[in-house]
Each structure stands twice: as C-alpha cells, then as structure tokens.
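Work through the exercises below with the sequence and the coordinates open. Try each task before reading its solution.

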Amino acid sequence: MGSDPKVRAGAVDVVRHWQDLGYLIIYVTGRPDMQKQRVVAWLAQHNFPHGIVSFCDGLVHDPLRHKANFLKSLITDLHMRIHAAYGSTKDISVYSSISLPPTHIYIVGRPTKKLQSQCQFITEGYAAHLAQLEYNHRSRPAKNTTRMALRKGSFGLPGQTEFLRKRNHLLRTISSQPSATCGGTGHRPERTQSQSDSDKERDRE
C-alpha cells in the first residue's frame, strides 16, 4: 500500500534456520495477487529464503479463511504436515483450524491472558527466539524429507519470476515433502543453478 515495512531484527535468520533443517518454507498472505510483484521484491530485497508464496485471488472479504483453506489444501491434497507457523494474533485462528498445536504456533505481538494458552508469544524478539530454536533443534532436522524441489537461496537470485509462474507445478512436484514451515525466518544461502537453459539463451539474445 505504498509503504516499505521494516524487517524485524532476526526474522530472516529464523526462516533460514528452518530451511537449513530441511523444511519447506511457505509464505501465506491475505494480500491480493495484484501485489505479488511488490511483495516478492520486498522479500528479495531483505534476503528472505526461497519458498512458496500464496496470495489471494484478487480482493477477498475474508483473507483469514483464504489462508486457512490454502493450508488445508496442502494438508489434504499434498499430504504435508505443517511443523511451525508464524504470524500475528489474528493468525492464531487460522493455524488452530488446521489442528496445529499451540506449542508450534509462534506469534509476534503483545501477550494476552486470553490467547496465552493458544500459542507461543515471541516477546523477546526473533534473535532470542532463534537462540531457543537452535538449542531445541540442534540435532533434529526434518524427518523423511525428499530432495527439496525448491532451490536453497533467497528471493534475490535470478529466475524468481519463472518460479512464481510455475508455483502450481511446483506444488505438484513436492507432494512427497512431509513437512512445511509457514511464515517464519536463518544461515548463508546456498547458490545453485537458478536459470533454465532456455532462460540463459533468452538472456544472451
């Protein structure tokens, strides 16, 4: 909406932490798809790791329901298991609707007694949260994962436009991926081949 939101300190590192453990990163937003280019450019500018990005089809009256339905489709159609989810207090209902336990729902915002039993509040910032994650997951990478269908790295690498165009195809190719992380953010991106031969040929021309 014309603004340039700041990244919360440590947020990118938390996402990379999950990626380094072998989890698929999924960014789910209630924003309309007309903002896709701006949102992905923002992710690229701030070096967020690659992942699937889900937008609403145009303007919708209930973006939270759209988020919930998208996640449910990943679970039912692709047999994914959501491992950890991040968001604000309004997202708690979304994550609860897919039966994610409160211990796996991480919320940025002021803790309230009413919601304290429904999630884990990140009160000390992402850096402290990452330290806790690294302590808890030192030797616990994602289980039974197949080779990642999405290359490691960040959105700033070439070929991102083609990646977005082929999102539905990618969804089909990762159907054997058992785990996923929603939202979220940690280590150095690994550069891999990011352009097809046809893309390189087009670039030369």
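The exercises that follow treat a predicted model.

**Exercise 1. Lay out the chain.**
Task: Determine how many helices and strands the chain has, and their order.

Solution:
- Count first. The chain has 8 helices and 6 strands.
- Then read from the N terminus. The elements run α-β-α-β-α-β-α-β-β-α-α-α-β-α.
- Add the burial. Of the 205 residues, 44% are buried.
- Finish with the surface. The accessible area of the chain is about 11,900 Å², and carbon and sulfur atoms account for 49% of it.

**Exercise 2. Find the nonpolar cores.**
Task: Identify the largest nonpolar core and the elements that supply it.

Solution:
- Start with the general tendency. In soluble globular proteins, nonpolar side chains tend to be buried together.
- The largest nonpolar core has 23 residues. Those with the most contacts inside it are Val14, Trp18, Tyr27, Phe48, Tyr86 and Tyr126.
- Next, assign the core to elements. Those that each supply at least two residues include helix 1 (11-20), strand 1 (24-32), strand 3 (81-87) and helix 5 (126-136).
- Helix 1 gives the most, with 5 residues.
- Another core lies apart from this one. That core has 22 residues, among them Leu24, Ile92, Tyr95 and Cys119.

**Exercise 3. Resolve the faces of helix 2.**
Task: Work out where the buried residues of helix 2 fall when seen down its axis.

Solution:
- List the buried residues: Val39, Val40, Leu43 and Ala44.
- Look down the axis. These buried residues fall within an arc of 140 degrees, so they line one face of helix 2.
- Recall the geometry. An α-helix has 3.6 residues a turn, so residues three or four places apart point the same way.
- Turn to the face away from the buried side. Gln37, Arg38 and Gln45 are exposed there.
- Move past the helix. Asparagine 47 follows helix 2 and has a positive phi, near 60 degrees.

**Exercise 4. Classify two ring pairs.**
Task: Decide whether tyrosine 27 with phenylalanine 48, and tyrosine 86 with tyrosine 106, are stacked or edge-to-face.

Solution:
- The structure has 4 aromatic pairs.
- Take tyrosine 27 and phenylalanine 48. Their ring centres are 6.3 Å apart and their planes meet at 90 degrees, so the pair is edge-to-face.
- Locate both partners. Tyrosine 27 is in strand 1, and phenylalanine 48 is in the loop between helix 2 and strand 2, 21 residues apart. Both are buried.
- Now take tyrosine 86 and tyrosine 106. Their centres are 5.0 Å apart and their planes are at 25 degrees, so the pair is stacked.
- Check the backbone. Strand 3 and strand 4 run parallel, joined by 3 bridges. Tyrosine 86 stands opposite tyrosine 106 in strand 4.
- Check burial. Tyrosine 86 has 5% relative accessibility, and tyrosine 106 has 14%. Both values fall under the 20% cut-off for buried.
- Strand 3 is largely enclosed by the rest of the structure, because 5 of its 7 residues are buried.

**Exercise 5. Contrast the salt bridges.**
Task: Find which parts of the chain lysine 67 and aspartate 91 tie together, and state whether arginine 65 is buried or exposed.

Solution:
- The structure holds 2 salt bridges.
- Lysine 67 bridges to aspartate 91, with the closest N and O atoms 2.8 Å apart.
- Lysine 67 lies in helix 3 (residues 63-78) and aspartate 91 in the loop between strand 3 and helix 4 (92-96), so the pair ties together parts 24 residues apart in sequence.
- Lysine 67 is buried at 11% relative accessibility. Aspartate 91 is buried at 5%.
- Arginine 65 bridges to aspartate 62, with the closest N and O atoms 3.5 Å apart.
- Arginine 65 is exposed at 54%, whereas aspartate 62 is partly exposed at 35%.

Terms used
Residues numbered from 1 in each chain as written. Predicted model: local features only at pLDDT ≥ 70, side-chain atom pairs only at ≥ 80, totals over all residues. Heavy atoms only, no water. Core = buried A, V, L, I, M, F, W, Y, C linked by side-chain atoms within 4.5 Å. Buried < 20%, exposed > 50% of the residue type's maximum accessible area, 1.4 Å probe, protein only. Helix = DSSP H or I, 4+ residues; strand = E, 2+ residues; numbered from the N terminus. Areas by Shrake-Rupley, 256 points an atom, 1.4 Å probe, with all protein chains shown as cover. Arc of directions from axis to C-beta. Pairing = 2+ DSSP bridges. Salt bridge = Lys/Arg side-chain N within 4 Å of Asp/Glu carboxyl O. Phe/Tyr/Trp six-rings, centres within 6.5 Å; stacked < 30°, edge-to-face > 60°.
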